[in-house]
Structures are given as C-alpha cells and as structure tokens.
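Biologist: I should like a close look at the pockets of this protein, at what lines them, and at the surface and charge pairs that accompany them. Please take the pockets in turn and then move on to the rest.

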Amino acid sequence: MVTITKNLPEDIVGFKYDEHVTKEDYENVLFPLFKTALEKSKDLKVLCEVADSFKDFNLGAIKDDMEIWLKYYTDWKKIAFVSDHEWMVHMVKAFKILIPAKIKIFENKDRIKAINWLEEN
C-alpha cells in the first residue's frame with residue numbers, strides 16, 4: 001500500500017510505503033501524485049517514507065518504480081528517504097549515485113529533520 005503524506009509544505013510531495021506495495025499503488029497513487037506535483041514545479045522535493053510494517057514490493061511495483069525514476073530523472077531536486085529497514089537503506093545508498101538529485105537518508109525518528117532538510121535551498 002502507498003499513501004500520500006498530508007500536511008507537508010507546498011513544495012514537498014510525500015508518500016509512504018506500507019505492508020505490500022503493488023503495481024496498482026504506483027498506477028493509482030504515485031504516477032498521479034508526481035504528475036500533479038510537476039504541474040506546479042519542475043523541481044521535485046520528495047519525502048519517501050517506509051513504514052515499520054512494510055513487507056515488500058511485487059514485481060509490477062518494482063517495474064513501475066524503475067519507470068518513475070527514469071521518467072522523472074531530470075525533475076528530482078531533493079529526496080529525503082526515511083526508513084529503519086536496513087535493506088532499503090542499503091538499496092538507496094547503492095542506487096543514489098545514478099540519480100542527479102540530492103538524496104539524504106534519515107531514520108524514522110528523524111522524520112521532522114528530513115522535512116526541514118527538504119525545505120532548505
């Protein structure tokens with residue numbers, strides 16, 4: 001499941017991965033979220049959170065995840081990745097060199113610090 005994060009500063013788009021993430025989550029939540037955000041600004045600041053109860057992505061979600069990163073490759077400005085899942089943190093560290101955005105990893109307890117970092121220029 002993917003949920004949109006509410007009550008963020010206007011220039012930040014946020015979402016949270018929880019339990020099982022599917023292709024439908026990308027098609028019904030994330031693709032429309034990024035499309036709408038890009039209509040307002042060409043510099044995406046993203047808060048990506050991973051809930052403690054997150055379990056996995058299905059194969060369709062993995063494909064769509066790669067599609068989102070490639071489709072908006074030049075639009076990423078900053079990404080705050082918030083997770084206590086060690087394997088997800090390692091994955092972000094491994095792939096962040098391929099993304100032109102500034103990426104910073106935060107533990108769940110530092111969520112507010114992540115939002116503050118996104119707000120900085």
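Modeller: The account below treats the pockets, then a surface patch, then the salt bridges. The model is predicted, and every value given here is computed from its atoms.

The largest pocket has a volume of about 600 Å³. Its lining is made up of 21 residues, and those closest to the pocket centre are D65, W69, M91, F95 and I99. Three elements each give two or more residues to this lining: helix α2 (59-71), strand β6 (76-82) and helix α3 (86-95). In class the lining is divided into 19 nonpolar and 2 charged residues, with no polar residue.

The second largest pocket has a volume of about 340 Å³. It is lined by 20 residues, of which E10, I12, V13, A37 and K40 are the closest to its centre. Here the elements that give two or more residues are strand β2 (12-17), helix α1 (23-40) and strand β4 (44-50). The largest share of this lining, 5 residues, is supplied by α1. The class division of the second largest pocket is 9 nonpolar, 5 polar and 6 charged residues.

Two of the residues closest to the centre of the largest pocket, M91 and F95, also belong to a nonpolar patch on the surface. The patch is formed by W87, M91, F95, I97 and L98, and together these residues have about 560 Å² of accessible area. Within the patch, W87 has its place in helix α3, an element that also contributes to the lining of the largest pocket. The relative accessible area of W87 is 43%, so this residue is classed as partly exposed.

The charge pairs come next. Side chains of opposite charge can pair when their charged atoms come close. In this model the count comes to 8 salt bridges. One of them joins D11 to K45, with the closest N and O atoms 3.0 Å apart. D11 lies in the loop between β1 (2-4) and β2, whereas K45 lies in strand β4, so the pair ties together parts that are 34 residues apart in sequence. The partners have unlike surroundings: D11 is partly exposed, at a relative accessible area of 41%, while K45 is buried, at 5%. Strands β2 and β4 also appear among the elements that line the second largest pocket.

Another salt bridge is formed by K63 and E67, whose closest N and O atoms are 3.3 Å apart. These two residues are 4 residues apart in helix α2, and therefore about one helical turn separates them. K63 is partly exposed, with a relative accessible area of 43%, and E67 is likewise partly exposed, with 37%. Helix α2 is also one of the elements that line the largest pocket.

A further salt bridge links D110 with K109, the closest N and O atoms being 3.5 Å apart. D110 is buried, with a relative accessible area of 16%, whereas K109, at 65%, counts as exposed. This pair does not stand alone, for E107, K109, D110 and K113 are linked in a network of salt bridges.

How values were computed:
Residues are numbered from 1 along each chain as its sequence is written. This is a predicted model: local features need pLDDT of at least 70, side-chain atom pairs count only at pLDDT 80 or more; totals for chains, interfaces and linings use all residues. Side-chain values use heavy atoms; hydrogens and water are left out. On a 1 Å grid over the protein atoms alone, a cavity is a set of points where a 1.4 Å probe fits but cannot get out, and a pocket is an open set with protein on both sides within 12 Å along at least five of seven lines; lining residues have an atom within 4 Å of a point. Grid points are joined across faces, edges and corners, and a volume is the space filled by probe spheres set on the points. Ala, Val, Leu, Ile, Met, Phe, Trp, Tyr, Cys and Pro count as nonpolar, Asp, Glu, Lys and Arg as charged, and the others, Gly among them, as polar. Patches are made of residues with over 30% relative accessible area and no salt bridge: like charges are joined within 9 Å, nonpolar side chains (Val, Leu, Ile, Met, Phe, Trp, Tyr) within 5 Å. Accessible areas come from the Shrake-Rupley method with a 1.4 Å probe; for residues, only the protein chains shown count as cover. A salt bridge is a side-chain nitrogen of Lys or Arg within 4 Å of a carboxyl oxygen of Asp or Glu. Buried means under 20% relative accessible area, exposed over 50%, partly exposed in between (1.4 Å probe, protein chains only).
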